[in-house]
Amino acid sequence: MALRVGDDIEEILWTEEQISRRVAAMASQIAEDLNGASSPPVFVGVATGAFMFLADLVKRIEVPIVVDFIRVESYGSGTESNGAPRISWDVKNDVKGRHVVLVEDIVDTGNTLSCLIAHLESKGARSVSVCTLLDKPARRKVNFDLVGEGKYYCGFECPDYFVVGYGLDYAELYRNLPYVGVLKPEIYK
C-alpha cells in the first residue's frame with residue numbers, strides 16, 4: 001500500500017464533481033416522487049459503504065424523512081461477496097406501513113439487496129425503493145423485486161472493475177477518497 005491512498009488508484013471513474021451533480025439530480029427526483037407521502041419515508045443506509053452517499057443524498061432531500069442504518073456482512077476483507085449476506089445490525093425505527101428507501105453504495109451480485117428487501121418487507125414496509133450510487137449489472141446473480149410502489153434509482157452503471165472511494169472500500173481502506181476509482185490489481189491480488 002502506498003503512503004497516500006490515492007496512489008493505489010489505477011483510474012478515476014467518477015470525480016467528486018460528477019458524483020455531486022449526480023447525487024443532486026437523484027435527490028431531486030426522489031424528493032419529487034416522495035412529495036405528499038402520508039408519513040415521512042425512512043432512508044436506510046447500508047453501513048458502512050453507503051455512509052458518504054447517504055449523507056450527501058439526504059442533505060438534498062427537501063421533504064421530511066427519517067434516517068436509519070442497517071449493516072450486512074457479505075464481503076469480509078476480500079473482493080467478492082461470499083454469497084451469504086447476514087444482517088449484523090438492524091434498523092432501530094419501525095418500518096411497518098412506511099415507505100423505505102434503501103440506500104446502497106453498489107449493487108453487485110444482488111444477493112445483499114435481495115436479502116435486505118425481503119427483510120424490510122418481513123418487517124411490514126409498505127414499499128421499498130432502492131437508491132444506489134453504482135450498479136454493476138455484469139456481476140448480477142440474483143434478480144430482486146421492489147416492494148409495493150418502490151422505485152429503483154441508480155447513479156452510475158459501473159464497469160466490472162474493483163472500485164473504491166466515496167465510501168467503498170477494500171479491507172476497510174479507501175473509503176475516504178472523494179471520488180470512485182479502480183483499485184490497482186496488485187493491491188488486492
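**Close-up views of a predicted model**

**View 1. One face of helix H1 is buried.** In H1, the buried residues (under 20% relative accessible area with a 1.4 Å probe, protein chains only) are Ile19, Val23, Met26, Ala27, Ile30, Ala31 and Leu34. Looking down the axis of H1, these residues fall within an arc of 135° (taken from the directions from the helix axis to the C-beta atoms), so they line one face of the helix. An α-helix has 3.6 residues a turn, so residues three or four places apart point the same way. Arg21 and Glu32, which are exposed (over 50%), sit on the face turned away from the buried side of H1. Helices (H or I, at least four residues) and strands (E, at least two) are DSSP runs, numbered from the N terminus.

This is a predicted model, where local features need pLDDT of at least 70 and side-chain atom pairs count only at pLDDT 80 or more, while totals for chains, interfaces and linings use all residues. Residues are numbered from 1 along each chain as its sequence is written, and side-chain values use heavy atoms, with hydrogens and water left out.

**View 2. An open sheet is built from 6 strands.** Their order is E4-E3-E2-E5-E6-E7, with mixed pairing (two strands pair if DSSP finds at least two bridges between them). Strands E4 (86-89) and E7 (152-157) stand at the edges with a single partner strand each, so one side of each has no neighbour in the sheet. E6 (residues 127-135) and E7 pair in the parallel sense over 5 bridges.

**View 3. Aspartate 108 lies in a loop.** This loop runs between strand E5 (99-107) and helix H3 (111-122). Aspartate 108 counts as buried because its relative accessibility is 9%.
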